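Subject: Structure for you to look through

Hello,

Here is the structure I said I would pass on. Please open it beside this message and follow along as you read.

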Amino acid sequence: MSKMTVNIGPHHPSTHGVLHLVTDVDGEKILNCEPIIGYLHRGMEKLAESKTYLKYLPLVDRVDYLGGFFNSFAYCNAVELLGNIEVPQRAKYIRVLMSELNRIASHLLWLGTYLLDLGAVSPYFYTFREREQILRFFEKLTGQRLMYNYFKFGGVRKDIEFIDDVKEIVKILPDKLNDYERIITENPIFNTRTKGLGIISKEMALDYSITGPNMRAAGFALDIRKQSEYYENIEFNVITGDISDCYNRYLVRIGEMRESIKIVAQCIDWLLTDVSSNYSTKINEINLKLPEGEIVSKTESPRGITLCCLISNGGNKPYRVKWRTGSFYAVQILPYLLIGNNLPDIMAIYGSLDVILPEVDR
Amino acid sequence: MSLIHDLSNNFKNLNFIEKNDKIFVEDDTSVSDVLSYLKNQSGFDILLSLYATDYIEHIELNYYLYSTQKERYQIISICVKNKSASIVDIFPSAYFDECEIYDLFGVTFIGNDKLKRLLMPEDWNGFPLKKDYGNKSEAVK
């Protein structure tokens, strides 16, 4: 047996971020692997302590650049819970609508790049075509494609417009998803590369705090949306699998996109019928002071449970902000999934976890 | 029966205080026993997060637990100076969390022998999230 150490990353086209994997290999076999993170550390939690509540708001989109709405939602929700700020029903529906479109966009990007990592180039163009439509809508409404800064304390910055664009997305997406499934799900190469690979058992998912689609593929129906008041009157199913291998994680994400389309359609219906209510509560954002206390707000982001813990000491700046993100724990589990597999499987397993590095390092 | 009564009955020699929905364990050395009991007997099977806050006179460690069967959240808190017991044996997911707290707050976790700087460079001086660290890094000063 001959051991050789291979450094994968920090710059590697398939990690879609800066992740360093120190890997010991014997031929193609992986003997050991150590993920090294921190290359994208921007001090998000430290920055919060020197900024007012409002000034920190544009930064939180950057915690996870593919799910900006989820982070702003978690932060806004924490501020609202701590400051007892009311959110009008219309704003809640707008938030749900934007979040779910964001989830579809994030999953579409994952789907395209994951297949690109596995060697299939064409799905990348198809998924980006549909994702572009969603991002165009975001750009029209919020002025930004990724870092939206659209949610504010007590609602959203402006009322929803361009609903016809959303209707169009809702109309075409199910067919497009069928098209993807037709070329991917039964594809023999994709099946051999992903089935039975990188299995996360139920115990492992619990022990290593794996959440989101990665956990639901193992059979847990843990979805925070089901407990949230924002989704009270919205009907959707929690998609689960039977065993969390790379293939089932793919199926769960496809199913989640279908459910998100349903949610978006319900939100549009509601927003079009009830046009009278307000989209935001008027508060003094600039001099916002929150009472002393501690709150943890929860949201189900595309990559698992995102927690925003906000501690206030009564001043106009947060005393402490803590981000809990799904990817942080997904990186930690990598060695256990990789050891014993072959070198080319690294990207097949890593990609299937849908890790976003800025979210890991914050 | 509420959780705090349950805990008080099972750990007669420990003091538990409930404050702001959190349960404080007064003796910080036995937190691993409490967490092990909560995991195996009370069904709190996921440690969603472990985070620290610097309150200058002490550092507060919060264990954010979730029970998949009861759909319930619970925070267990302890106050420490700069040392605490590691819980990696009970919740392996805490390894990265403990490294992060060691990195940013300088709390050493006894029993976690692979503790390392996780986010900051290995040769970094000081612990950025402590309140006495200031707002500028050494390099900027």
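B:Cys79 has a relative accessibility of 32%, so it counts as partly exposed. Please keep in mind that this comes from a predicted model. The closest cysteine sulfur to that of B:Cys79 belongs to A:Cys309 and lies 14 Å away, which is too far for a bond. A disulfide needs two cysteine sulfur atoms within 2.5 Å.

How many disulfides does the structure hold over all chains? The count is 0. A:Cys309 fits that count, being in no disulfide, and its nearest cysteine sulfur, in A:Cys308, is 7.3 Å away. Is A:Cys309 buried or exposed? Its relative accessibility is 2%, so A:Cys309 counts as buried.

Next, the helix packing in chain A.

Start with helix α4 of chain A, which covers residues 89-118 and packs with helix α6 of chain A, residues 163-184. Their axes are 13 Å apart, and the angle between them is about 25°. Angles under 35 degrees count as roughly parallel, and α4(A) and α6(A) are therefore roughly parallel to each other. The crossing of these two helices, α4(A) and α6(A), is left-handed. Which residues of α4(A) and α6(A) meet? On the α4(A) side they are A:Leu97, A:Leu101, A:Ile104, A:Leu108, A:Leu111 and A:Leu115. On the α6(A) side they are A:Val166, A:Ile169, A:Leu173, A:Tyr180 and A:Ile184. By class, the contact of α4(A) with α6(A) has 11 nonpolar residues, no polar ones and no charged ones.

Helix α4(A) also packs with helix α10 of chain A, residues 246-273. Here the axes come within 9 Å and cross at roughly 150°. Angles over 145 degrees count as roughly antiparallel, so α4(A) and α10(A) are roughly antiparallel to each other. The crossing of α4(A) with α10(A) is left-handed. The residues in the contact of α4(A) with α10(A) are 21 nonpolar, 3 polar and 5 charged.

The third pair is helix α2 of chain A, residues 53-60, with α3(A). They pack at an angle of about 160°, and their axes are 9 Å apart. That angle makes α2(A) roughly antiparallel to α3(A). The crossing of α2(A) and α3(A) is right-handed. From α2(A), the contact is made by A:Tyr53, A:Tyr56, A:Leu57 and A:Val60. From α3(A), it is made by A:Asn71, A:Ser72, A:Tyr75, A:Cys76 and A:Val79. The contact of α2(A) with α3(A) divides into 7 nonpolar, 2 polar and no charged residues.

Some single residues in chain A are also worth finding on the screen.

Two residues other than glycine have a positive phi: for A:Asn84 the value is near 55°, and for A:Ser209 it is near 60°. A:Asn84 is in the loop between α3 (68-83) and α4 of chain A. A:Ser209 is in the loop between α8 and α9 (213-216) of chain A. Which of the words buried and exposed goes with each? A:Asn84 has a relative accessible area of 70%, so it is exposed. A:Ser209 has a relative accessible area of 0%, so it is buried.

A:Ala205 lies in helix α8 of chain A, which covers residues 202-207. Its relative accessibility is 0%, so A:Ala205 counts as buried. What does A:Ala205 touch, not counting residues up to four places away in sequence? The contacts are with A:Ile200, A:Ile210, A:Met215 and A:Phe220. A:Ala205 and A:Gly119 are 86 residues apart along the chain, and 28 Å separates their C-alpha atoms.

Last is A:Gly196, in the loop between α7 (188-194) and α8 of chain A. Its relative accessibility is 49%, so A:Gly196 counts as partly exposed; the word exposed is kept for values over 50%. The C-alpha atoms of A:Gly196 and A:Leu290 are separated by 50 Å, and the two residues are 94 residues apart along the chain.

Regards

How values were computed: Residues numbered from 1 in each chain as written. Chains lettered and ligands numbered in written order. Predicted model: local features only at pLDDT ≥ 70, side-chain atom pairs only at ≥ 80, totals over all residues. Heavy atoms only, no water. Axes fitted to C-alpha atoms, helices over the stretch in contact; angles between N-to-C directions. Helix = DSSP H or I, 4+ residues; strand = E, 2+ residues; numbered from the N terminus. Parallel < 35°, antiparallel > 145°, perpendicular 65-115°, else oblique. Left-handed = near helix turned anticlockwise from the far one by under 90°. Contact = heavy atoms within 4.5 Å. Nonpolar A, V, L, I, M, F, W, Y, C, P; charged D, E, K, R; others polar. Buried < 20%, exposed > 50% of the residue type's maximum accessible area, 1.4 Å probe, protein only.
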